[in-house]
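Student: Please take a close look at the side-chain contacts that tie this chain together. Keep it brisk.

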Amino acid sequence: ILAEPMRTNLIQYSEDFSQSYWAKSGATVESGFTSPDGTDNAFKLVEDTSTGAHRISNAAAITQATDYSISFIAKQGERKYIACGIRYNSTNGSYAQFNLDTGLVESTNAIFTAGVFSVSNAKITQLADGYYLCSATFNSDRAGVVMAFAMSDIPLVGGNIDTHTYTGDGTSGVYIWGAQLEVGSYPTSYIPNFGTALGVTRNQDIFS
């Protein structure tokens, strides 16, 4: 029996990455791809032709010195590397990168010149139809950090989620669905949020 605590998915649009809630940098999103729930509501994160990081992000209201777990479901496209993380600026942040081909955690890193960042508990689990559930836990003593998901053409080595830059080809990407941000030192099962600004809460499971 999976017994879970009460948790809230703080991501306002956990499946609709076309919303302006998600800032796009060096990337666009395309809809209409089959997701793990069997409907055509997955998105493809597509790199543009610029030279830089290729990501989507949100200025999440993350409280300082608090554990937050980020989880999301992704599938390999032309790119096989995807990372999640938090960033304060170009030289401060932490990430966990996942290999959607091998099904392994590729790397993790935290770097800072101002404040303290950490990443722990990075995990990737195989699902059906080539999808993987990816997750990691982050903490920072800085206010105003940004949550981000970034693709890459090679493994990340050091730096933060914006450190690796490359020139995109305008068509390559990865498939994403079901993003979640929750307070806690480990992730729980997915809680869909279709636009609730304050988050959607699942009550604690109770058995007798």
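Tutor: The account below starts with the salt bridges, moves to two buried residues, and ends with the aromatic rings. This is a predicted model, in which local features need pLDDT of at least 70, side-chain atom pairs count only at pLDDT 80 or more, and totals for chains, interfaces and linings use all residues. Residues are numbered from 1 along each chain as its sequence is written, and side-chain values use heavy atoms, with hydrogens and water left out.

Salt bridges come first. The count is seven (a side-chain nitrogen of Lys or Arg within 4 Å of a carboxyl oxygen of Asp or Glu). One of them joins R202 and E4, with the closest N and O atoms 3.5 Å apart. This pair links distant parts of the chain: R202 is in strand β16 (residues 200-202), while E4 is in the segment before β1 (7-9), 198 residues apart. Strands are DSSP runs of E, at least two residues long, numbered from the N terminus. Both R202 and E4 are buried (under 20% relative accessible area; exposed is over 50% and partly exposed in between, with a 1.4 Å probe and protein chains only).

Next, R79 bridges to D169, the closest N and O atoms being 4.0 Å apart. R79 sits in the loop between β7 (68-75) and β8 (81-89), and D169 in the loop between β14 (166-167) and β15, so the pair ties together parts that are 90 residues apart in sequence. R79 counts as buried because its relative accessibility is 16%. D169 is at 41%, so it counts as partly exposed. E47 joins R79 and D169 in a network of salt bridges.

A further bridge is formed by the side chains of R87 and D162, at 2.4 Å from N to O. R87 lies in strand β8 and D162 in the loop between β13 (146-152) and β14, so parts 75 residues apart in sequence are tied together. R87 is buried at 14% relative accessibility, and D162 is buried at 15%.

Now G173. This residue is found in strand β15 (residues 173-183). G173 is buried, with a relative accessible area of 0%. Leaving aside residues up to four places away in sequence, G173 touches K44, L45, V46, G77, E78, R79 and M151 (contact means heavy atoms within 4.5 Å). R79, the partner of D169, is thus named again here. G173 and E47 are 126 residues apart in sequence, yet 6.0 Å apart in space, C-alpha to C-alpha.

Q97 is placed in strand β9 (residues 92-99). Q97 is buried too, at a relative accessible area of 1%. A polar atom of its side chain lies 3.4 Å from the backbone oxygen of I154. I154 is also among the residues that Q97 touches, as are Y81, S107 and P155, not counting residues up to four places away in sequence.

Last, the rings. The structure holds nine aromatic pairs (rings of Phe, Tyr and Trp, its six-membered ring, with centres within 6.5 Å; planes under 30 degrees apart count as stacked, over 60 as edge-to-face and the rest as tilted). F17 and W22 form a tilted pair, 5.2 Å centre to centre with 45 degrees between the planes. Both F17 and W22 are buried. They belong to one aromatic cluster with Y13, Y21, F43, F72, F98 and F149. Elsewhere, the charged end of R7 sits over the ring of Y186, 4.6 Å from its centre (CZ of Arg or NZ of Lys within 6 Å of the ring centre and within 35 degrees of the ring normal).

How values were computed
Helix = DSSP H or I, 4+ residues; strand = E, 2+ residues; numbered from the N terminus. Polar contact = N/O pair within 3.5 Å; in protein donor to acceptor, adjacent residues only side chain to side chain.
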